[in-house]
Amino acid sequence: LPLFERLERRIVDGERNGLEDDLQAAMAEKAPLQIINENLLAGMKVVGDLFGSGQMQLPFVLQSAEVMKAAVAHLEPHMEKDDSGGKGRLLLATVKGDVHDIGKNLVDIIVSNNGYDVVNIGIKQPIGAILEAAEEHQVDAIGMSGLLVKSTVIMKENLEEMNSRGLAGKYPVMLGGAALTRSFVEHDLDEVYQGDVRYAKDAFEGLHLMDRLMA
Ligand code: B1M
């Protein structure tokens with residue numbers, strides 16, 4: 001297979017051998033972010049479709065996810081960056097009961113490479129832990145990720161909890177992840193949350209949201 005198709009295939013097949021060499025060769029032709037967006041994410045999409053239609057079993061999905069993570073880790077140091085911090089501080093977490101973190105970690109990379117401080121507290125985070133970390137690190141905004149349909153319910157509960165703790169005015173919230181839609185967040189959840197809640201389709205939209213919030 002040609003190089004870029006082979007990279008996509010590596011994600012689908014969960015094939016790590018020779019990954020670094022292919023990524024090095026790819027970086028001679030494209031920027032690291034372009035490789036992620038055009039080739040690696042295309043592979044993850046195929047994985048999602050195969051898994052969703054029952055043609056791929058979970059252990060193989062996990063292998064694909066691991067190759068994806070290894071590829072992103074290899075590319076990350078080569079990205080153009082302004083890692084000076086100081087533009088503002090974002091807390092990131094995957095919500096309670098949800099382990100998916102590839103998308104959240106991409107948001108971390110893009111936002112922190114563009115002048116923001118990111119406090120990434122990981123997966124399966126209950127709202128109590130999210131709010132504690134937000135307070136401790138004095139963040140300007142809270143970002144929650146979740147890919148499961150049930151995570152959308154958790155997000156709604158989290159916003160209600162923030163209302164009841166009187167924190168809605170303090171923290172603008174950014175939500176992202178495959179199970180959400182813009183209208184669910186910006187209409188339905190907007191009616192729930194007494195503060196500002198926005199949807200980010202991808203990591204770049206997450207960055208633009210931060211830029212708008214911090215302007
Ligand atoms: Co899971 N999984 N998974 N999975 N998995 C999905 C989400 C699913 C849609 C697959 C499918 O059926 N087609 C499905 C959910 C169905 C539903 O809820 N209706 C599903 C399921 C069912 C499950 C399990 C329940 C399976 C099981 O155990 N039987 C289980 C859940 C465990 C749990 O969470 N409690 C499970 C487990 C796993 C693995 C561990 C094997 C692995 C995750 C590994 C990891 O993340 N470390 C995994 C994977 C890899 C997937 C798919 C195939 C790919 C997800 C991914 O990484 N995509 C996924 C299929 C899909 O999403 N269609 C699937 C690439 C990533 C870059 O995209 O995270 O969407 P994404 O991020 C995007 C945007 O959404 C956005 O930016 C990113 C792009 O720039 N974004 C944000 C994300 N977060 C953001 C936050 C922001 C802003 C933007 O601001 C805060």
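Student: Is the crossing of α1 and α2 left-handed or right-handed, and what makes it so?

Tutor: α1 and α2 cross in a left-handed way, because the near helix is turned anticlockwise from the far one by less than a right angle (clockwise would be right-handed). By the way, this is a predicted model, in which local features need pLDDT of at least 70, side-chain atom pairs count only at pLDDT 80 or more, and totals for chains, interfaces and linings use all residues. Residues are numbered from 1 along each chain as its sequence is written, and side-chain values use heavy atoms, leaving out hydrogens and water.

Student: Why are α1 and α2 called oblique?

Tutor: α1 and α2 (residues 19–27) pack at about 140 degrees, axes 10 Å apart. That angle is not under 35 degrees (roughly parallel), over 145 (roughly antiparallel) or from 65 to 115 (roughly perpendicular), so oblique it is.

Student: Which residues make the contact of α1 with α2?

Tutor: Leu3, Phe4, Arg6, Leu7 and Arg10 of α1 meet Leu19, Asp22, Leu23, Ala25 and Ala26 of α2, with heavy atoms within 4.5 Å. By class, the contact of α1 with α2 holds 7 nonpolar, no polar and 3 charged residues.

Student: How do you know what to call the angle between α1 and α3?

Tutor: α1 (residues 3–13) and α3 (residues 32–52) pack at about 40 degrees, with axes 8 Å apart. That makes α1 oblique to α3. Unlike the left-handed crossing of α1 and α2, α1 passes α3 in a right-handed one.

Student: And what does α1 bring to its contact with α3?

Tutor: Phe4, Leu7, Glu8, Ile11 and Val12 of α1, which meet residues of α3 including Ile35, Leu40, Met44 and Leu50. The residues of the contact of α1 with α3 split into 11 nonpolar, 2 polar and 1 charged.

Student: Which way does α7 pass α8?

Tutor: α7 passes α8 in a right-handed crossing. α7 (residues 149–164) and α8 (residues 182–192) pack at about 35 degrees, with axes 9 Å apart. Among the residues in contact are Lys156 and Glu160 of α7 and Phe184 of α8.

Student: How many residues surround the ligand?

Tutor: 35 residues do, each with a heavy atom within 4 Å of the ligand. The closest are Val99, His100, Asp101, Ser145 and Val149.

Student: What makes the pairing of valine 99 with the ligand a polar contact?

Tutor: A polar contact needs N or O atoms within 3.5 Å, and a backbone N or O atom of valine 99 lies 2.8 Å from a ligand oxygen atom. So valine 99 qualifies. A ligand nitrogen atom is 2.7 Å from a side-chain N or O atom of aspartate 101, and a ligand nitrogen atom is 2.8 Å from one of serine 145.

Conventions: Axes fitted to C-alpha atoms, helices over the stretch in contact; angles between N-to-C directions. Helix = DSSP H or I, 4+ residues; strand = E, 2+ residues; numbered from the N terminus. Nonpolar A, V, L, I, M, F, W, Y, C, P; charged D, E, K, R; others polar. Polar contact = N/O pair within 3.5 Å; in protein donor to acceptor, adjacent residues only side chain to side chain.
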